4 protein chains.
Amino acid sequence: MAEIRRGRPRSEQSRRAVLEATRDLLEANGYDKLSIEGIAARAAVGKQTVYRWWASKAAVVADAVLDGFIPMAPLSLADTGDLSADLTAWLDQVAKATRSNAHAGLIRALAAAVSTDEPTGDRLWERFTGPDRQAVIERLQSGVESGQVRADADLAVTADLIAGVTLFSVMARKEPSDDFTSRLVPILLSGIVPRTGA
Amino acid sequence: MAEIRRGRPRSEQSRRAVLEATRDLLEANGYDKLSIEGIAARAAVGKQTVYRWWASKAAVVADAVLDGFIPMAPLSLADTGDLSADLTAWLDQVAKATRSNAHAGLIRALAAAVSTDEPTGDRLWERFTGPDRQAVIERLQSGVESGQVRADADLAVTADLIAGVTLFSVMARKEPSDDFTSRLVPILLSGIVPRTGA
Amino acid sequence: MAEIRRGRPRSEQSRRAVLEATRDLLEANGYDKLSIEGIAARAAVGKQTVYRWWASKAAVVADAVLDGFIPMAPLSLADTGDLSADLTAWLDQVAKATRSNAHAGLIRALAAAVSTDEPTGDRLWERFTGPDRQAVIERLQSGVESGQVRADADLAVTADLIAGVTLFSVMARKEPSDDFTSRLVPILLSGIVPRTGA
Amino acid sequence: MAEIRRGRPRSEQSRRAVLEATRDLLEANGYDKLSIEGIAARAAVGKQTVYRWWASKAAVVADAVLDGFIPMAPLSLADTGDLSADLTAWLDQVAKATRSNAHAGLIRALAAAVSTDEPTGDRLWERFTGPDRQAVIERLQSGVESGQVRADADLAVTADLIAGVTLFSVMARKEPSDDFTSRLVPILLSGIVPRTGA
DNA sequence: TCGTAAGCGAGACGGTACGTCCGGTCTTTTC
DNA sequence: GAAAAGACCGGACGTACCGTCTCGCTTACGA
């Protein structure tokens, strides 16, 4: 069942070195000053070794992110029972994280990467936005069970709204007004709370 | 008031040639295969002439967009009196426009440009997202006057939600489900319609 | 007496494959587009197998020549008793052979190889020029015995003159004048014929 | 009449720097460790500047030789009236020069260059062997006038013999026997001296 | 009307990075 | 222990652009 490979096996050490170099250089200089040549040099690895395993700069960055070399702090979406408070707290966390220069730059870098390299972009995008989106959906689902969200609410669309507005404000480099989150949550929730009227 | 300039005045013909070349090459090969060298060559213009008037590739692209050399079809947000129908129609238009390969590529290109060049990016972003955002806000305001939207509704946040979810789906390269728009509008509206309950 | 070797014996088949690949590629692309990597690939042989047995590109080429994979037609220097006619005939043969594109290229390749790799170059040079040089000396010696060449003639120097002028005209890519050979032989002979004067 | 050149003119300083770097590196490491990359680096010149003006490594070397950056000591062929003595002296000079490691390496380098790059090779070869060959022919011609060489002697073929045997001994890396020159000259001369016999 | 001050196309300059090829070496499994 | 396979580091290849710098040539304005 296992694929039998002949010849010298891939060096795990080189793989790590490349990914670590990518992380360091990305932090230091940003995505578009990142170069394969520079990565190889810092990793003390032949350029060919990079080209052998990754198709593009975006692909290297994607692996660096996906394999956890570039820590994108996982933001926990608590479930205290109070959906509004939980969402507000989480969005404040997100706002804070994305406004930090390091992360905002990285996110824009990933946006550029996504723009440039289709297949890798897709993989990166999915892995990058997927888990958080899933967490949001699950929290909303929990809200359904506790009666804070009505049963037929469109959770997926709501999650996309949240992801979208977050992306938008990062890309726009907007200094968010302090109350942006607190203004946002009610609007989001009003789409999914149990109907109050007749 | 007007700055008096000595010496030979700037050639309008060269300016047009550069912007047209940019448009053609951007359409043909995409943003990151676009090069100043290539633009100058196709415009039959000295490289220095480009560098004299524009600070970066993103700046040239921005001018090409802003001066209408790259036609971003202006999408009209009608005011028929039925806010829900108007928004749905407009979002369908947007969805169609942004899914066309040409426009989606351009949008992602602009996203990359925004990521890369801060001051130009801001100008580009504002001019690019501003008018549509303004149109949405005005239509919502008209809804306030007609009583379809409550007076204290947070129009700006709602407009950002719309812009965000649109950007998000373009970047994600998602083929939108046919009913995405029709699922989206009720959620958006529920945040701003007059309160039905007590 | 014979060296007893342990382990798997050297593969004669690989040796032949390498030498044949060398011959083919040398014919096709010339000496300096020849690469060890290319030889190994065409011979379906590991690179290491080449490196195990040959020290350099020149060494492989040398073996290919010496083992007859690259046919350098052996030119026969007849002994009809007429030294002048024999030498003329032989030099005409040599001229014809060396002027053919295939052989001229090969000879220049060998010259380059000799320049590059000292020990192999020497071996190659000796084996390559030696036999013909020896044949010339023997024919001249036979001339001594028949009285056409005087006893104290300097046969070695004469042979070097012949080899030199041949190499020179190949390297110079000169199209030889038709009568070059017939002009050359009298001069060569005049240095070694029996003295006519007092 | 004069070619009107537009744009920035070629930098003479860069040209000199390249040729000087070539000379230095060639002396230091020999022809096949010479690299365009290395030349450009040492000359503090962009690689493209080298590629813009020279087609190959051989071409750079050729220009370096032809423009006198690589001094090939011009060997003077005196005319004392004694042809035999003059030739012997000159050949001793040549032997000494070509046996010095620096020169022998360079000559073999040029041979390799000639082998590799046809048009440049031809130019190089002609300029390199031409003047000496011409000097020999003129000295022989002078011998004709003084009666030491007979009028119908084949001076061109004799000059080729001399050049050939010189090239041959350099390529063969032969340590020349001390008396090689003194054995060579009589043979060469016997082909062209006035006939002594009937 | 003439000089001085830009702007212009052209194109060479020193550089950086590209993506590829090859040189030698090393490390597997297979024979 | 040799062989095929194939990854490793290193380094040069030749190309594409970067942003800068001269050139000779307009094209304006002000003295």
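The following dialogue examines how several terms apply to this predicted model.

Tutor: In this predicted model, local features need pLDDT of at least 70 and side-chain atom pairs count only at pLDDT 80 or more, while totals for chains, interfaces and linings use all residues. Residues are numbered from 1 along each chain as its sequence is written, and chains are lettered from A and ligands numbered from 1 in the order in which they are written.

Student: Why are chain B and chain A described as related by a two-fold rotation axis?

Tutor: Copies are superposed by least squares on the C-alpha atoms of residues with pLDDT of at least 70 in both. Chain B falls on chain A after a rotation of 179° with 0.0 Å of shift along the axis, at an RMSD of 0.2 Å. The two copies are therefore related as by a two-fold rotation axis. The same surface serves both, since 100% of the contact residues of chain B recur in chain A.

Student: What makes residues of chain B and chain A count as in contact, and how many does each chain give?

Tutor: Two residues are in contact if their C-beta atoms, placed from the backbone, lie within 7 Å. By that criterion, chain B contributes 30 residues and chain A contributes 30 residues. Helix 8 of chain B provides the largest share of the side of chain B that touches chain A, 10 residues.

Student: What makes a residue on that side of chain B nonpolar, polar or charged?

Tutor: Ala, Val, Leu, Ile, Met, Phe, Trp, Tyr, Cys and Pro count as nonpolar, Asp, Glu, Lys and Arg as charged, and the others, Gly among them, as polar. The side of chain B that touches chain A accordingly holds 15 nonpolar, 8 polar and 7 charged residues.

Student: Which element gives the most to the side of chain C that touches chain D?

Tutor: Here 30 residues of chain C are in contact with 30 residues of chain D. Helix 8 of chain C gives the most, with 10 residues; helices are DSSP runs (H or I, at least four residues), numbered from the N terminus.

Student: What makes a residue near DNA strand E, and which come nearest?

Tutor: A residue is near a strand if its C-beta atom, placed from the backbone, lies within 6 Å of it. Of the 48 residues around DNA strand E, Gly7(B), Gly46(B), Gly7(D), Arg8(D) and Gly46(D) come nearest. By class, this surface has 10 nonpolar, 19 polar and 19 charged residues.

Terms used
Helices (H or I, at least four residues) and strands (E, at least two) are DSSP runs, numbered from the N terminus.
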